Amino acid sequence: MRWDISGTFAAYAVPGALLAVAFVIKLPLLRRAWQDPILRATALLLGIGAIVFASLPPANLHRINQVTGIPNFAGVWVYSLLTAYCGACLWLIITWREPPSAARRRRTRLVWVAYTAIIAGLWTTFLLGDHHVERLRDLDTYYANTPWMREFGMLYLVAHLVSALVAAGMLWAWYKELEETWLRRGVIFLQVAYALGLVFDVSKLAAIGARWSGRDWDWLSTYVAPPFAIAEAGLVAVGFIVAQAGPVVEERRRLVRTHRRLRPLWQTMVTVTAAAAPATGRVSGAALRLELRRAAVNDGLLRLAPHLSAARRERVRTAAVAAGHPDTEARGIAGAVDILIAADVLHGPAGGGEPPAAGQSGAAGDVSDSELETIAYALRCHAPAIDRFRRQAAATEGLTAHA
């Protein structure tokens, strides 16, 4: 019994669902930026791929034949879509790789003229051929010696082979020029996909060639080739999705990580000033939540500004370094001590107290975003050291450090 993954519904459902979900995700952006050629090419690729995989299960191929009343109509339907899929892949690679220019427009126009001609050839040879016996799994080999149907199968396979070779060549040349991490990852997925596509083509052509010489290698076409085609289409979709969605996902992770890292400092600042309203509803998002948290921290720093002291921070930093803390860690501890003592003064009996002597205060603008993260990290991970240096600094300045 042969391993026959291509005969199962799941083999087509999984990549089909992946393509369909990716297409639906792209739709809102497509409506807003229809003029973007990369977005249009991506949407076309994903949409065609989803329709192809919805059509490919043998039961669905039979339904297509029944609905149209034409034996093997599903064959020309699927092969036409797959040919358009190949054209969309080349279109996207060219559009993706090259800046807008007359040369790029000529290349993309040439791709669509060529693949439109191939699709027209598929329909012409199909209509001229004798295909009255329905074949759901072995259409290529069953009709390998039938006039016009032989050309029908070969036309698709040669078109697919040429597109895989051209795409692989362009991707290899492009890969050597790339520096952006996610784009390189996407290109790797695509290179593997087209390598699998070449295995599919070779298996199919070998089976057809065997038929021409009187041998029976149909198993290559029926059982060996389809899994490679399924894997190819899935990896092509993943490659394009990874390259385009990867930077967006990475940026969101960075925003979420920064938002989380600022939490200890934000918790300190909400004791100084009212917390900003939480980001909710359709306008919420990682960038907005981080912006609100930064705004709350900056509002707190502005209120504490008269009581912040550059001299205090330097004394604490020097003491922390002397106690064995690395310089970056010592700066975070010093900043945290400065902010906590300023909050103590603000909340002290003086009700805001007198600001430090001239030249000693530190404006809120003196603290950069990177310093804020360092201070927040110190508050989270070095609380005992901060408490010790806070009491020492308060004693030096004749203040009372709150517990």
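**Close-up views: two cavities and two loop residues**

About 30 Å³ of space lies in the second largest cavity of this predicted model.

**View 1. The second largest cavity and the residues around it.** Six names make up this lining: Leu 139, Asp 140, Tyr 143, Met 149, Phe 152 and Gly 153. Helix 6 and helix 7 each give at least two residues to the lining. Helix 7 has the largest share, with three residues. By class, the lining of the second largest cavity holds four nonpolar residues, one polar residue and one charged residue.

**View 2. The largest cavity, with about 620 Å³ of space.** The search that found it covered the whole structure and gave two cavities of 30 Å³ or more. The lining of the largest cavity consists of 38 residues. Closest to the centre of this cavity are Leu 56, Val 78, Tyr 79, Leu 82 and Phe 200. Rolling a probe the size of a water molecule over the atoms shows where empty space is left.

**View 3. The helices that line the largest cavity.** The elements that supply two or more residues to this lining are helix 2 (37-55), helix 3 (58-68), helix 4 (73-97), helix 6 (139-142), helix 7 (149-175), helix 8 (181-212) and helix 9 (218-261). Helix 6 and helix 7 also each supply at least two residues to the lining of the second largest cavity. Sorted by class, the lining of the largest cavity has 24 nonpolar residues, eight polar residues and six charged residues.

**View 4. Asn 72 in the loop between helix 3 and helix 4.** Asn 72 is not a glycine, yet its phi is positive, at about 65°. Most residues other than glycine have a negative phi. Is Asn 72 buried or exposed? The relative accessible area of Asn 72 is 2%, which is under the 20% cut-off, so the residue counts as buried.

**View 5. Trp 148 in the loop between helix 6 and helix 7.** Trp 148 is another residue other than glycine with a positive phi, here near 70°. What is the relative accessible area of Trp 148? The value is 40%, and Trp 148 is called partly exposed because this lies between the 20% and 50% cut-offs. Asn 72, by contrast, is buried. The two helices on either side of the Trp 148 loop, helix 6 and helix 7, are those that each give at least two residues to the lining of the second largest cavity.

Technical notes
Residues are numbered from 1 along each chain as its sequence is written. This is a predicted model: local features need pLDDT of at least 70, side-chain atom pairs count only at pLDDT 80 or more; totals for chains, interfaces and linings use all residues. Side-chain values use heavy atoms; hydrogens and water are left out. On a 1 Å grid over the protein atoms alone, a cavity is a set of points where a 1.4 Å probe fits but cannot get out, and a pocket is an open set with protein on both sides within 12 Å along at least five of seven lines; lining residues have an atom within 4 Å of a point. Grid points are joined across faces, edges and corners, and a volume is the space filled by probe spheres set on the points. Helices (H or I, at least four residues) and strands (E, at least two) are DSSP runs, numbered from the N terminus. Ala, Val, Leu, Ile, Met, Phe, Trp, Tyr, Cys and Pro count as nonpolar, Asp, Glu, Lys and Arg as charged, and the others, Gly among them, as polar. Buried means under 20% relative accessible area, exposed over 50%, partly exposed in between (1.4 Å probe, protein chains only).
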